[in-house]
Amino acid sequence: MKVAVVGYPNGGKSSLINRLTGTREAVVHERPGVTRDRKELDCDWNGRAFKLIDTGGVDFDDQDPLAGSIREQAQAGLADAQLAVLVVDARAGVRPGDEEIAALLRRANLPVLVAANKIDSVADVPLAAEFHRLGLGEPIPVSAAQGLGSGDLLDRIVATLPPASADEEDGELVRLAVIGRPNVGKSSLVNRFLGDERVIVSDVAGTTRDAIDTQLEVEGRPVVIVDTAGMRRQSKVSDSVEYYTALRSQRAAERADVAIVVCDATDGITAQDLRIAELAMKAGCATVIAINKWDLRAGPSSADDEAPSARADELDLEHERARVAEKLRLRPRVLTISARSGRHVGRVLEEALALADRRAARIPTPELNRFLAEAIEARQPPVGGRRGSGPSGAHRLKPIYIAQIGTRPPRFAIQVNSRARVTRDYAFFLENRLRARYSLEGVPLVIDFVERGHRSEGRGPARSQRGAGRPA
């Protein structure tokens, strides 16, 4: 069940949603018009679960194209909901914009509740009476800031919603976060995945200001696509709204299974793109890099130039892939796409789901130990001094046994003899061989080297760090 929360700009919709959900997921700022796309958040009251749809402020008099897109998103949220909550500013009284939205809701075929916000004390409760004139029933006095009346509002929401159906429980979801710099085409790619104008797309950088979750099914498999705000270098972020939206983008990557890092083909893969990919990798998120707008590259001027141009593009792509392999230890795949035309978009989605599967898969122990024996045969472990011994106490490292001890991300424990240290170089060698053998490019993994006689708790003499960052 879904509840659309609508209202005139700066009425406190996002603040009220944060109060009702007990989170800080919705972006709140004193500046009006911060919320643009619609965002769904889980809410639970007295054992009844439902979703609150946060929408942008609706102003029918604003002729800005972006304001028009916000209105369309709010109306789409109403079409998808079973109940609407109109949030009004009790201190400001009934405004012309409130009456226009109320007229829209009276024409809608769904029940409506009026939440008179900013009733911060009992003495302010009579202010809510003015909103009877909207013709939508008795207003409910609430305070998003103080929490006054929030329980009463939730009681009314639960009582008004239709009975829950038996199939509302979701299966295990795969979360795909679409992240990248501003204005590289993240929202266009999300809309192409969904086959619908679900999120607002604009040439203005920074249009998306929140992490927007949207569910879809891919061949019967439940997937959540998360559109995020663009992330610039920290030194260039001076606006408080941009700071908090970038922070939410980082959190979206931290709770995702796979991150699709979108780059702009006209810029190539920049240093900031690599930083964003590292951020996802350090969060334990599998990663694929999608170079968007590949169709905007300079094309051939004639049929005779077609082959040389194609070869040049291929060389450029190979250069980008080599740079990624050099800079990013996870060595994620680099794919070219066009969100505008849809070219290779399906391939990116397939790769992302395959990465989610590999991130959650378990490799049989006998297979892993065959791999370890072949790796040792290909490259003998180093000779090093025993802990606390002098130069004469040199012993060769001996990996004895390997097993997978965790998933999401994959984690392995290698038992070694206690006579030699594990060098960083040999740890990276085993990690790279493991990644190549089991197609774990772009998947973070952890390897613990445990001395014989110790339990596998990551307390061995050396440990390969999670698959992120740059090799030493």
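**Exercise 1. Determine whether N117 is buried or exposed, and find which residues surround it.**

Solution. Start with the accessibility: N117 has a relative accessibility of 2% and therefore counts as buried, where buried means under 20% relative accessible area, exposed means over 50% and partly exposed is in between, with a 1.4 Å probe and protein chains only. The values come from a predicted model, in which local features need pLDDT of at least 70 and side-chain atom pairs count only at pLDDT 80 or more, while totals for chains, interfaces and linings use all residues. Residues are numbered from 1 along each chain as its sequence is written, and side-chain values use heavy atoms, with hydrogens and water left out.

Next, place the residue: N117 belongs to strand β5, which covers residues 112–117; helices (H or I, at least four residues) and strands (E, at least two) are DSSP runs, numbered from the N terminus. Finally, list the contacts, which require heavy atoms within 4.5 Å. Once neighbours within four places in sequence are set aside, N117 touches G11 and G12, the run V87, V88, D89, A90 and R91, and also V142, S143 and A144.

**Exercise 2. Find which residues of helix α4 are buried, and then describe the place of G151.**

Solution. In helix α4, which comprises residues 150–160, the residues S150, L153, L154 and I157 are buried. These residues cover an arc of only 100° around the axis, so they lie on the same side of α4; the arc is that of the directions from the helix axis to the C-beta atoms. G151 is also located in helix α4, but with 21% relative accessibility G151 counts as partly exposed. As a last step, consider the distance to L20: although G151 and L20 are 131 residues apart along the chain, their C-alpha atoms are separated by 8.2 Å.

**Exercise 3. Work out how many aromatic pairs the whole structure holds, and characterise their geometry.**

Solution. The search gives two aromatic pairs, under the criterion that rings of Phe, Tyr and Trp (its six-membered ring) have centres within 6.5 Å, with planes under 30 degrees apart counted as stacked, over 60 as edge-to-face and the rest as tilted. F371 and Y438 make an edge-to-face pair, with 6.1 Å from centre to centre and 65° between the planes. This pair links distant parts of the chain, since F371 is in helix α10 (residues 365–378) and Y438 is in the loop between α11 (424–437) and β17 (446–451), 67 residues apart. Both F371 and Y438 are buried.

For Y426 and F429, the ring centres are 5.4 Å apart and the planes are at 35°, so this pair is tilted. Y426 and F429 are three residues apart in helix α11 and are therefore separated by about one helical turn. Y426 counts as buried at 1% relative accessibility, and F429 counts as buried at 14%. To complete the surroundings of F429, note that the charged end of R379 sits over its ring, 5.1 Å from the centre; the rule asks for NZ of Lys or CZ of Arg within 6 Å of the ring centre and within 35 degrees of the ring normal.

**Exercise 4. Count the salt bridges, and then examine the one between D448 and R411 and the network that includes E367.**

Solution. The count is 23 salt bridges, each defined as a side-chain nitrogen of Lys or Arg within 4 Å of a carboxyl oxygen of Asp or Glu. Take the pair of D448 and R411, whose side chains meet at 2.8 Å, N to O. D448 lies in strand β17 and R411 in strand β16 (residues 411–416), so the pair ties together parts that are 37 residues apart in sequence. D448 is buried at 1% relative accessibility, whereas R411 is partly exposed at 27%.

Turn then to E367 and R370, where the closest N and O atoms of the salt bridge are 2.9 Å apart. Both residues lie in helix α10, three residues apart, about one turn of the helix, and R370 counts as partly exposed at 47% relative accessibility. A network of salt bridges links E367, R370, E374 and R437.
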